[in-house]
Each structure stands twice: as structure tokens, then as C-alpha cells.
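Q: Please take a close look at a single helix of this model and at what follows it along the chain. A connected account of its burial, its geometry and its surroundings would be welcome.

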Amino acid sequence: MKMTRIEFALFLLTAACLAFFAGWYLRGSSLSGEPVLVETQFSAVQDPESTASPSPASTEESADEVEMVNINTADSATLQTLPGIGEKRAEAIIAYREENGPFRTPEELTDVSGIGEGIMEGLIEYVTVS
């Protein structure tokens, strides 16, 4: 008895499905059921020509020992010491400050283009407006 093309395609599809489900079942039965912990190590490469000091987030100091940065008076280099603030964001903060006047609260940084809630969470303990 000869198989038609459709019968042969259905046979291959059935065999592939059976192989898939068999693999799924066997994989699931070999796991212990405990979650797997994956640890990664982050290493930031710093430009040797950069004159900016390391960000407060990368130091071993606690928040009490870190000098607060006044975002109303800080220059670009000082702003770049803040976590998540590079040259472009520092310039954006200065441009916003020049255009709109001094910041009234640190949370106003979210009005600056490129600074969202995530970056603000890392900055809030390092910035002041007084």
C-alpha cells in the first residue's frame, strides 16, 4: 500500500508532535523542581581619559557618607558623578535648568528628557536643590 503526500505529511507531523511531547515530559521529570539561581558579575569599563570621578553607586560608601549634589548649581562634571548620569544627561539637566529656572524639588528631574522614574530612583538619595 502506497501513502499519498497528504498521508505522508500527516505522518511526519504526528511523529514530530510525539517527539516534542516526549522530550517535554522527559525534561520535566528530570528537574528537581527547585529554582535555578544564576549569578552574574557586572564590570563597568571606564574610559581612562575620563576626568569624572566614580559614581556614588559604585563606591563602598553608604548614602550618609556620600556628598549630596545640588542640581541647581552643579556643573556637568559634578552631575556626571551621579549614578545613571552621563555627559548627555548632564548637559540636558543644565539646559533644562537654564531654560526653566532652578529645580524646586529633586523629583522635577523627571521633567528632563532622558530621565525617567527608573533613573530617578537611583538618584533621589544623592541630589538636593538647596
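A: In this predicted model, the buried residues of helix α3 include A90, I93, I94 and R97. These residues cover an arc of only 95 degrees around the axis, which puts them on the same side of α3. The partner of this buried set is α2, residues 76-79, against which the buried residues of α3 pack. On the other side of α3, by contrast, K88 and E99 are exposed.

The length of the helix can be checked as well. Helix α3 comprises 14 residues, 87-100, and at 1.5 Å a residue it should span 20 Å; its end C-alpha atoms lie 20 Å apart, so the expected and modelled values agree. After α3 comes G101, which has a positive phi, near 90 degrees.

Further along the chain is a charged pair. Side chains of opposite charge can pair when their charged atoms come close. E108 forms a salt bridge with R104, with 3.9 Å between the closest N and O atoms, a separation that falls within the 4 Å cut-off for such a pair. By this rule, the count comes to one salt bridge. The two partners have opposite settings. E108 counts as buried because its relative accessibility is 14%, under the 20% limit. R104 counts as exposed because its relative accessibility is 65%, over the 50% limit. The salt bridge of E108 with R104 therefore joins a buried residue to an exposed one.

Note on methods. Residues numbered from 1 in each chain as written. Predicted model: local features only at pLDDT ≥ 70, side-chain atom pairs only at ≥ 80, totals over all residues. Heavy atoms only, no water. Helix = DSSP H or I, 4+ residues; strand = E, 2+ residues; numbered from the N terminus. Expected span 1.5 Å × (residues − 1). Buried < 20%, exposed > 50% of the residue type's maximum accessible area, 1.4 Å probe, protein only. Arc of directions from axis to C-beta. Contact = heavy atoms within 4.5 Å. Salt bridge = Lys/Arg side-chain N within 4 Å of Asp/Glu carboxyl O.
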